[in-house]
Amino acid sequence: MMLSLPSRARPMRPAWRFLLVFAALYAAWVLGYDDLVGPNGRLDHALSVNLAAAAGTVLRLAGFAAGTGASVPTLVLLNGQPVVSVGDPCNGLLMYALFAGFVVAFPGRGRQKLWFVPLGIFAIYALNVARVALLALNHAYWYHTVDFNHHYTFTFVVYGAIGGLWALWARRSTAAPAMLAALPLHGPG
């Protein structure tokens with residue numbers, strides 16, 4: 001009895017390929033962040049300072065007396081009073097990495113990814129600046145709702161926007177029909 005090998009290997013389903021690539025990128029991010037970037041803290045701090053300064057600028061452009069703390073540059077001030085402190089877990093760095101990982105892992109043209117990833121990261125950054133500015137106003141004028149809005153309202157809005165960007169990418173991708181066809185979304189039939 002002779003064993004015969006298939007003439008060509010069966011290609012990996014696009015959905016499995018996406019999951020494996022995304023998992024590998026996420027693992028690389030976690031290991032790289034936990035071992036290299038995170039312990040140093042400089043990137044997180046710089047991003048938090050930038051986010052606070054940008055939110056202060058947006059508030060000033062809108063006519064409010066806003067700025068950042070001289071000794072604590074991650075602190076947003078409104079009328080000289082501290083209103084929001086941008087902590088490293090809230091600076092959006094993880095969201096940028098997850099967004100980029102999703103787009104890179106999802107099948108599609110590399111040239112489109114080259115412009116969509118930076119554009120998406122900028123959109124998430126702008127949304128995060130608006131979130132910090134609105135939380136500052138929320139703290140100044142409706143203090144009793146800050147905790148709820150920080151933990152629920154803005155989380156829902158930011159994750160919803162990121163989900164919308166992902167959906168836009170998936171719809172625009174040339175591989176989307178193959179990915180969707182490979183998913184078991186319908187029963188036997």
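**Pockets and core of a helical chain with three strands**

In the lining of the largest pocket, 14 residues are nonpolar, 6 are polar and 4 are charged (Ala, Val, Leu, Ile, Met, Phe, Trp, Tyr, Cys and Pro count as nonpolar, Asp, Glu, Lys and Arg as charged, and the others, Gly among them, as polar). The model is predicted, and local features therefore need pLDDT of at least 70 and side-chain atom pairs pLDDT 80 or more, whereas totals for chains, interfaces and linings use all residues. Residues are numbered from 1 along each chain as its sequence is written, and side-chain values use heavy atoms, with hydrogens and water left out.

The protein chain contains 6 helices and 3 strands (DSSP runs numbered from the N terminus, with H or I over at least four residues for helices and E over at least two for strands), and along the sequence these elements follow the pattern α-α-β-β-β-α-α-α-α. Of the 189 residues in the chain, 34% are buried (buried means under 20% relative accessible area, exposed over 50% and partly exposed in between, with a 1.4 Å probe and protein chains only). Among contacts between residues at least 6 apart in sequence, 66% join residues at least 24 apart, a contact being heavy atoms within 4.5 Å.

The largest nonpolar core has 40 residues, and those with the most contacts inside it are Leu-59, Val-76, Val-84, Val-103, Ile-124 and Val-132 (such a core is a set of buried Ala, Val, Leu, Ile, Met, Phe, Trp, Tyr and Cys residues joined through side-chain atoms within 4.5 Å). Two or more residues of this core come from each of helix H2 (42–61), strand S2 (75–78), strand S3 (81–85), helix H3 (93–105), helix H4 (110–141) and helix H5 (146–172), and the largest share, 10 residues, is that of H4. Val-76 can serve as a point of entry: beyond residues up to four places away in sequence, Val-76 touches Ala-52, Leu-59, Gly-67, Gln-81, Pro-82, Val-83, Val-84, Val-132 and Ala-136.

One of these partners, Pro-82, is placed in strand S3 and counts as partly exposed because its relative accessible area is 45%. When residues up to four places away are not counted, Pro-82 touches Leu-75, Val-76, Leu-77 and His-139, and the C-alpha atoms of Pro-82 and Gly-69, which are 13 residues apart along the chain, are separated by 7.8 Å. In the loop between S2 and S3 is Asn-79, a residue other than glycine whose phi has a positive value, near 55°. Asn-79 counts as exposed, because its relative accessibility is 54%.

The largest pocket holds about 480 Å³ of space (on a 1 Å grid over the protein atoms alone, a pocket is an open set of points where a 1.4 Å probe fits, with protein on both sides within 12 Å along at least five of seven lines, and lining residues have an atom within 4 Å of a point; points are joined across faces, edges and corners, and the volume is the space filled by probe spheres set on them). Its lining has 24 residues, of which Pro-89, Cys-90, Gly-92, Leu-94 and Met-95 lie nearest the centre. Helix H1 (14–40), H3, H4 and H5 each supply at least two lining residues, and H5 gives the most, with 6.

Met-95 is part of helix H3 and is buried, because its relative accessibility is 12%. Outside its neighbours up to four places away in sequence, Met-95 touches Ile-124, Tyr-159 and Ile-162; the C-alpha atoms of Met-95 and Ile-162, 67 residues apart along the chain, are separated by 8.2 Å.

The second largest pocket, with about 160 Å³ of space, is lined by Val-83, Val-84, Ser-85, Val-86, Gly-87, Cys-90, Arg-131, Val-132, Leu-135, His-139, Val-146 and His-150. By class, this lining has 7 nonpolar, 4 polar and 1 charged residues. S3, H4 and H5 each supply at least two of its residues, and the largest share, 4 residues, comes from H4.

Helix H4 also holds Asn-138, which counts as buried because its relative accessibility is 5%. Leaving aside neighbours within four places in sequence, Asn-138 is in contact with Tyr-143, Thr-145, Val-146 and Asn-149.

Finally, the aromatic pairs come to 12 (rings of Phe, Tyr and Trp, the last by its six-membered ring, pair if their centres lie within 6.5 Å; planes under 30 degrees apart count as stacked, over 60 as edge-to-face and the rest as tilted). Ring pairs link Phe-18, Phe-22, Phe-102, Phe-106 and Trp-166 into a cluster.
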